[in-house]
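Thank you all for coming. I would like to walk through one structure with you, going from a single residue out to the whole chain and then back into its cores.

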Amino acid sequence: MSWVPTVYSVPPLLAAVIALGVFAGAWRHRTEPAARPFIAVIGILFAWSVAYAIQIGYTGVRTQLFWQQVSFTISALIAPLWFVFAARYAGFDEVLRRPVIGFLALEPVAFALVVWTSPAGLIWSNPQPSPLGAAPIVQFVIGPAYLVHITYVYLLIAAGIGLLVWVAVSGSRLHSKQAALITAAALVPFGANVVFTLGMSPVPNLDLTTFTFAITGAAIAIALFRYDFLDLAPVAHRRLVEALGDGLVVVDDEERVTEVDGVARDVLDPPPVVGEEVGTSLPGETVPAADGAVLEATVDGEHRYYDVSVGPMADRYGRRVAHLVGLRDVTEREEYQRRIGVADRVLRHNVRNEANVALGTLSDVSEDDAVSPPEAADRTRTAAERVERIVDLTERVRKVTTALDRSDTRDRSVDVRRVVAGVVDSCRDPGAVDVSCPPEATVAAPGDLLVERAVANVVSNALEHGPDGATVDLTVAVDADAVRVVVADEGPGIPEQERVPFDAREETPLSHGSGLGLWMVKWAMEAAGGDVSLAENEPTGSVVTLTFRRAGPETPTVAVAADDD
């Protein structure tokens, strides 16, 4: 019996034609994360539609059963490919590990083996030709192997639909529209297949699944060509966020916010609100004008810097539909530049002054013949002291920058008692420091050198500016979640111009201190995740308090590192 198309052949053939068009459109995006499994799904829809259209063009039971086997074999691939597509579209690639992919591939292969080797009894039973006046489709009773297979298929399809529903609920408006269309495209044939499996088809024994593929193809075509769902899938969006930086705002062509993440809400002031104009949340009079700006913000209690980058977002026709505003955390870069600026100013100022005094003193000695030997020796000592100050200043800068370079983001448990003992022992007059420290005092910091540099600079400043014979009190206090190192001296107090590190984040030409000591303390404490504060001592002097985070029992321990030569 030759193949003769009937009216029942038209819907699946129409679905096959639509699937070819969708396949061609999707093929252009084959490099996108979710495109390959999606293209495979469309290819399966095409092949299944053609196979079923051929089947119902024959009247012989044996020929129809052969093509039914072909249809079953092809359709078995739909569910695993659909689940892979949904997982990749939603951005859950981590679910698709090799064991999972292997399991997904195993079931269709096992089902196909049963279909082609033992269909009678397991896949179907009692096949009969269709009665007169009915649809030209073979009648049979569904077997147990098919019921097990179709249950597995339904679970996979439901899981994929669940992922799409999650995108529709939690995603942006664009992604919600995409996911809603794809979900609808899946639900229509899914429902038709359930009706066939339950024996409730309005046309007895006719599987209407392929008849609904035309509706499925139309919905997918709208999602593909109108909403660019492969180009702008949620997983592509997340990768774009990673490329742009730490935060993201999507602003449409009318400068209304269509999407904003948590980082952008924390950084921008006022926080952008979806559906409202971006307004003053971004610097500049327009969204493109914000490109290249650097923002400061306090995030999770820490002062951070963010670079702003703005780029246009176009649809497949080249029309601009939105702007992508990316925020990248550049705190490390800005802090480095700030430290370089302060160090450069102070070094140039202090080194120049000290060098001028030394050179002037030595010039007087060499050019003035009337200078007596004792006076010449005294002036030479003065010049040597100035040179020694230069050496000391540059060495202190080297030590702090070394500590900052060695620090990382991992906390270590640092024994403050050992750090304090090392700092005091390195002083010229260890007896001038009166230490009070409990036996157990450990802090959490990304490197012991940071703690040592902070304590050493505070103690050095206190000894340098205190009166002869005075002592410096160093007290370590341990609280529930903090360790405080308190250094009190009896000097004249810290001058107003030297307190800039406590009141500002950078020096300006009109407001700067004369030395690097307190700046180095501030930098070390910031890198260590701690804080530094200043108070007056009574009756005279200053009290500098270094507050560190207390180490927990799970914090790994490090020993105090030795200085590099």
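Let me begin with a question: is S426 buried or exposed? Before I answer, please keep in mind that this is a predicted model, in which local features need pLDDT of at least 70 and side-chain atom pairs count only at pLDDT 80 or more, while totals for chains, interfaces and linings use all residues. Residues are numbered from 1 along each chain as its sequence is written, and side-chain values use heavy atoms, with hydrogens and water left out.

The answer is that S426 is exposed, because its relative accessible area is 58%, and here exposed means over 50%, buried means under 20%, and partly exposed lies in between, with a 1.4 Å probe and protein chains only. S426 sits in the loop between α14 (416-425) and β9 (433-436), where helices (H or I, at least four residues) and strands (E, at least two) are DSSP runs numbered from the N terminus. A polar atom of the S426 side chain lies 2.7 Å from the backbone oxygen of V423. Although S426 and A456 are 30 residues apart in sequence, their C-alpha atoms are 9.0 Å apart in space.

Let us set beside this a residue from another loop, the one between β9 and β10 (442-445), where we find A441. A441 is buried, since its relative accessible area is 1%. Leaving aside neighbours within four places in sequence, A441 is in contact (heavy atoms within 4.5 Å) with V414, D415, V416, R417, V476 and V478. For D415, which is 26 residues away along the chain, the C-alpha separation from A441 is 6.1 Å.

Now to the chain as a whole, which has 17 helices and 14 strands. Of its 565 residues, 45% are buried, and among contacts with a separation of 6 or more, 65% are between residues 24 or more positions apart.

What about the cysteines? C427 is buried, with a relative accessible area of 15%, and C437 is buried as well, at 18%. Counting a disulfide as a pair of cysteine sulfur atoms within 2.5 Å, we arrive at 0 disulfides.

I turn next to helix α4, residues 78-90, whose 13 residues should span 18 Å at 1.5 Å a residue, and whose end C-alpha atoms are indeed 18 Å apart; the expected span is 1.5 Å times one less than the number of residues. This helix is mostly covered, with 11 of its 13 residues buried, including W82, F83 and F85. Just after α4, G91 takes a positive phi of about 95 degrees.

W82 brings us to the largest nonpolar core, where a core is a set of buried Ala, Val, Leu, Ile, Met, Phe, Trp, Tyr and Cys residues joined through side-chain atoms within 4.5 Å. Of the 53 residues in this core, F72, W82, F111, I123 and Y146 touch the most other members. Several helices give two or more residues to this core, among them α1 (10-27), α4 and α8 (173-197), and α7 gives the most, with 11 residues. Y146, again leaving aside neighbours within four places in sequence, is in contact with F72, F111, L122, I123, N193, F196 and T197. Apart from this core lies another, of 35 residues, among them A445, V458, V532 and V544. As general background, nonpolar side chains tend to be buried together in soluble globular proteins.

How values were computed
A polar contact is a pair of N or O atoms within 3.5 Å; within protein, one must be able to donate a hydrogen and the other to accept it, and residues adjacent in sequence count only if both atoms are side-chain atoms.
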